[in-house]
Amino acid sequence: MSTMTHEHTNACAGRHARIGMGKKVRRVAALGLAVGGAVLIGNGAFSSWTTTAEVNSGGLSTASGTPTLVDTNGGQFVTAVSNLLPGDYFYRYVDVRNDGTLTSTFTGSVGVTGDLAGQIAVDAASCTATWTTVNGVSTCSGTTAGIGSGTPALNSPVAINHGSLAPGAGATQHVRYKFTFSSAAPASLQGKNGSISLSVSNALVGGSDRTGG
């Protein structure tokens, strides 16, 4: 009995040893896969590179349009005219200047309000030089051009075509306005009042290729 028990014990011990070694082998194999997997994941992360290049544009700015009216007779444009009679006339002188950043087209508007609307005609002319007035007579030493005429009615001004003006004082347009009180004005206008309004606007048109700046 003791001999069989000893052999049985040795056999069991051998099986347990083999089973234990198998478990150890499997554990080692599993550990090896886990480490190998970690290495594969690591290689995947470091095989990807991301780089970025960046450049900024130069400064961007929008254009501006700034028409300017300058009374060239020391404020005479706003000076009142009294005792008008049919057929009387008077002159006013204004410089139109482009104080913006781009060449643009300028349009003027002359209106008459009050009881004299429809009774005062306007005739506008430009001069390439400054108008000069001697003894009440205005002359242009350069070239003159008519830029608009008509009789403004109430809420219906006369358009003045100032044309295209480049920026800067060198492109200033010298304008003379002649206002004439209608020779056919009715007697019912005696003692009546009115006023003249003058404005200039310009239009900047986009849609140009500005690739070059």
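Colleague: In β9, which residue is the bridge partner of Ala125?

Modeller: The model is predicted, with local features requiring pLDDT of at least 70 and side-chain atom pairs pLDDT 80 or more, while totals for chains, interfaces and linings use all residues. Residues are numbered from 1 along each chain as its sequence is written, and side-chain values use heavy atoms, leaving out hydrogens and water. Within β9 (a strand is a DSSP E run of at least two residues, numbered from the N terminus), the bridge partner of Ala125 is Arg176.

Colleague: Over how many bridges do β4 and β9 pair?

Modeller: Strand β4 spans residues 120–127 and pairs with β9 in the antiparallel sense. Pairing requires at least two DSSP bridges between the strands, and for β4 with β9 the count is 8 bridges.

Colleague: Which are the edge strands of the open sheet?

Modeller: The open sheet holds 5 strands with antiparallel pairing, in the order β1-β2-β9-β4-β7. An edge strand pairs on one side only, and the two that do so are β1 (67–71) and β7 (144–150).

Colleague: Which strand gives the most to the lining of the largest pocket?

Modeller: A pocket is an open set of 1 Å grid points that fit a 1.4 Å probe, with protein on both sides within 12 Å along at least five of seven lines; lining residues have an atom within 4 Å of a point. Strands β2 (89–98), β9 (173–181) and β10 (194–203) each supply at least two residues of this lining. The greatest contribution, 3 residues, comes from β10.

Colleague: Which lining residues lie nearest the centre of the largest pocket?

Modeller: The lining consists of 28 residues. Nearest the centre are Val81, Leu84, Leu116, Ile120 and Gly194.

Conventions. Helix = DSSP H or I, 4+ residues; strand = E, 2+ residues; numbered from the N terminus.
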